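User: I would like to learn how to read a structural model feature by feature, with the general idea stated before each case. Could we work through one together?

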Amino acid sequence: AGEYDVELPNAERLVDDNQLVDDNEINTEKSLDGDPSAGSALIMGQGFAPGGISMTYRSVVLKKWFQAPTVREQHGQPGEMGKPVKIPADMKEVMKEKFKENQFNLLASDMISLNRSLTDVRHENCRRKHYASKLPTTSIVIVFHNEAWTTLLRTVWSVINRSPRSLLKEIILVDDASERDFLGKKLEDYVAKLPVRTFVLRTEKRSGLIRARLLGAEHVTGEVITFLDAHCECTEGWLEPLLARIVQNRRTVVCPIIDVISDETFEYITASDSTWGGFNWKLNFRWYRVPSREMARRNNDRTAPLRTPTMAGGLFSIDKDYFYEIGSYDEGMDIWGGENLEMSFRIWQCGGILEIIPCSHVGHVFRDKSPYTFPGGVAKIVLHNAARVAEVWLDEWRDFYYAMSTGARKASAGDVSDRKNLRERLKCKSFRWYLENVYPESLMPLDYYYLGEIRNSETETCLDTMGRKYNEKVGISYCHGLGGNQVFAYTKRQQIMSDDLCLDASSSNGPVNMVRCHNMGGNQEWVYDAEEKWIRHTNTGQCLQRATRDDANTPLLRPCDYSKGQQWLMESKFKW
Ligand code: LR7
Ligand code: MN
């Protein structure tokens, strides 16, 4: 309808099944506004954390569980209220050295209080919301490998300081074979003194974040498991809306908005509330703008839960029993990567719901590079994990993934029979169902005529993205038959696309550019005439023609003239 030319046959049904309780129905209590410090008692950080934390008892108007401590600003301390830390000029060298340890500014992190204050970043309507009076308890599971002391403990303190104590069952730290002394006994002694039960588990050998989380989950005694990365900061009111959503439907898996803690300055930067999770042909997780279809479903209420096709992976809450019912994690995945998409597809395809809860904000230190080793090689591990996702969940759309690189085609998925059995046992729906109902905007097109190289019949040259980026000209080069930059899909929407780029022309004599696919036809609509072998641009009526001069490696738009240079073959029907 309108923006998307695919039908959403089941979209209505989904809404009916799952909108069990409207937020407004339970949003009847008095506003929280008022004196937040009324009745507050100051408890010190028990001698091991700088600064004071104030525990506020607002029990007159509030439910028992709403005893979230609040953190006061500690004037003069770096980074308070989420502000950026400035490193003095004479410490820049030390800073650079320390950066390498974790791929973030460790010096800055070390300067900030473990209890640093943050601003309340929620939308103001969120602050007025009240949630069900009985919320489940949760255990926090944080896995880490060689994490820095201050980021790890600031994560822990932010949980302690900003979660209603009665909802917080315990904090479980899982050390995935770290090689840093301070993460040994020193850490155990430290957490033993925390005001919330906290303990450290250790994987015997490096097992990767997936299996480390599975170990943590086994020790959870709360009703809900909440996973966090080891370099997060939870903000005011982060937990209640997550748990409240699970109460409404225990098959809902919920993520906070993941705000950005700068890897350079540790500034707390609020992320957009209009992005959701998607993925590209390479099976990389990516943030994309929420389409208006989903905004409309939420009645344009920016505080309403947002159905997301995928999650980033590190920060989410899930009913503990449901976590196991739905197949926890794929134990065949190593170190890092893939598990976030695997779980996202599994949740949706097997009857669950995946949401971002905009009233819940948690910061995360985003880094450019991974700081730790990938035993056996990054590519091998990441491609292995991704292949498992493709094999188990993607059905025929796995071709898009394999088309993108020889590496992907060569990597082994290992034995996936257990996961396929799981999919059978849970009677999960097809990837087609997922594309139709959850993610019609996906870069993997629901319906397509062709996936493969597009060859000029005169010259044995193929359309080629040349690895170029947005808004650059599409190229043409010798057909190598290896996929990658020479793989295009010709879709039912009449796009010629490569991953997130679509061939696009805005004037009748070219050039032909690669522009982000907008799924709205226009300059991105091409008609392939299988008889004449023309690729005709609808808006201009012109035909795609190979480069006329040998040195020009970009195809042109010209009046259709039956010449061989305008004949294109879409024949090598994908088969790698
Ligand atoms: O071998 C390992 N063992 C571990 O315990 C490797 C990692 N880890 C720990 C690590 O110390 C950290 O606490 O696992 C956690 C996640 O690792 P990161 O921080 O290196 O991952 P990331 O933040 O770069 O990556 C995102 O994608 C990952 C895919 O496997 C995981 O799902 C991460 O949890 C996830 N992080 C987030 O979702 C936060 C937002 C990032 C985005 C987008
Ligand atoms: Mn992380």
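Analyst: What follows is a walk through helices, core, ligand shell, strands and loops. Please keep in mind that this is a predicted model.

User: Where should one begin, and how many helices and strands are there in the protein?

Analyst: One begins with the overall inventory, which here comes to 17 helices and 29 strands. Of the 576 residues of the protein, 45% count as buried, and among contacts between residues at least 6 apart in sequence, 73% join residues at least 24 apart.

User: How does one check the length of a helix, for instance the span of helix α13?

Analyst: The idea is to compare the distance between the end C-alpha atoms with the span expected at 1.5 Å a residue. For α13, residues 378-393, the 16 residues should span 22 Å, and the end C-alpha atoms lie 23 Å apart, which agrees. Helix α6, residues 149-162, can be read in the same way: its 14 residues reach 20 Å from the first C-alpha to the last, close to the 20 Å expected.

User: Why is α13 described as largely enclosed by the rest of the structure?

Analyst: Burial is judged by counting neighbours, a residue being buried if 20 or more other C-beta atoms lie within 10 Å of its own. Twelve of the 16 residues of α13 are buried, so the helix is largely enclosed by the rest of the structure; among them are Ile381, His384, Arg388 and Trp393. The buried residues of α13 pack against α12, α14, α15, α16 and α17, and the helix is followed by Asp395, whose phi is positive, near 50°. Helix α6 is also mostly covered, with 13 of its 14 residues buried.

User: Which residues have the most contacts inside the largest nonpolar core?

Analyst: A core is read by its membership and by its most connected residues. The largest nonpolar core has 135 residues, and those with the most contacts inside it are Val141, Ile142, Leu243, Ala386 and Tyr401. To this core α13 gives the most, with nine residues. If residues up to four places away in sequence are left out, Tyr401 touches Trp281, Lys282, Leu283, Ala386, Ala390, Leu394 and Ala408.

User: What can be read from Gln349 and the residues that it touches?

Analyst: A single residue can be read from its element, its burial and its contacts. Gln349 lies in helix α12 and is buried because 22 other C-beta atoms lie within 10 Å, where the cut-off is 20 or more. Not counting residues up to four places away in sequence, Gln349 touches Trp393, Cys428, Lys429, Trp433 and Tyr434. Gln349 and Tyr434 are 85 residues apart in sequence, yet 6.3 Å apart in space, C-alpha to C-alpha.

User: How many residues surround ligand 1, and which are the closest?

Analyst: A ligand shell is read by its members, by the elements that supply them and by their classes. Around ligand 1 there are 26 residues, the closest being Asp176, Leu209, Ala312, Gly313 and Gly314. The elements that give two or more residues to this shell are β4, α8 and α12, and α8 gives the most, with three. By class, the shell has 13 nonpolar, eight polar and five charged residues.

User: How should paired strands be read, and which strands are at the edge of the sheet that contains β16?

Analyst: In a regular strand the side chains alternate between the two faces of the sheet. Six strands form an open sheet with antiparallel pairing, in the order β16-β21-β22-β23-β24-β19; the edge strands, β16 and β19, each pair on one side only. Four bridges join β16 to β21, where the bridge partner of Leu451 is Ala489. Elsewhere, five bridges join the antiparallel strands β11 and β12, with Gly278 partnered by Arg286 in β12. Strand β11 is mostly covered, since four of its five residues are buried.

User: Where are residues with a positive phi found, taking Leu283, Asn146 and Lys533 as cases?

Analyst: Each case is read with its place in the chain. Leu283 takes a positive phi near 65° in the hairpin of β11 and β12, which has five residues between the strands. Asn146, although not a glycine, has a positive phi of about 55° and lies in the loop between β4 and α6; it counts as partly exposed, with 17 C-beta neighbours inside 10 Å. Lys533, with phi near 65°, is in the loop between β25 and β26 and is partly exposed, with 18 other C-beta atoms within 10 Å.

Methods:
Residues are numbered from 1 along each chain as its sequence is written. Chains are lettered from A and ligands numbered from 1 in the order in which they are written. This is a predicted model: local features need pLDDT of at least 70, side-chain atom pairs count only at pLDDT 80 or more; totals for chains, interfaces and linings use all residues. The expected span of a helix is 1.5 Å times one less than its number of residues. Two residues are in contact if their C-beta atoms, placed from the backbone, lie within 7 Å. A nonpolar core is a set of buried Ala, Val, Leu, Ile, Met, Phe, Trp, Tyr and Cys residues joined through C-beta atoms within 7 Å. A residue is near a molecule or strand if its C-beta atom, placed from the backbone, lies within 6 Å of it. Ala, Val, Leu, Ile, Met, Phe, Trp, Tyr, Cys and Pro count as nonpolar, Asp, Glu, Lys and Arg as charged, and the others, Gly among them, as polar. Two strands pair if DSSP finds at least two bridges between them.
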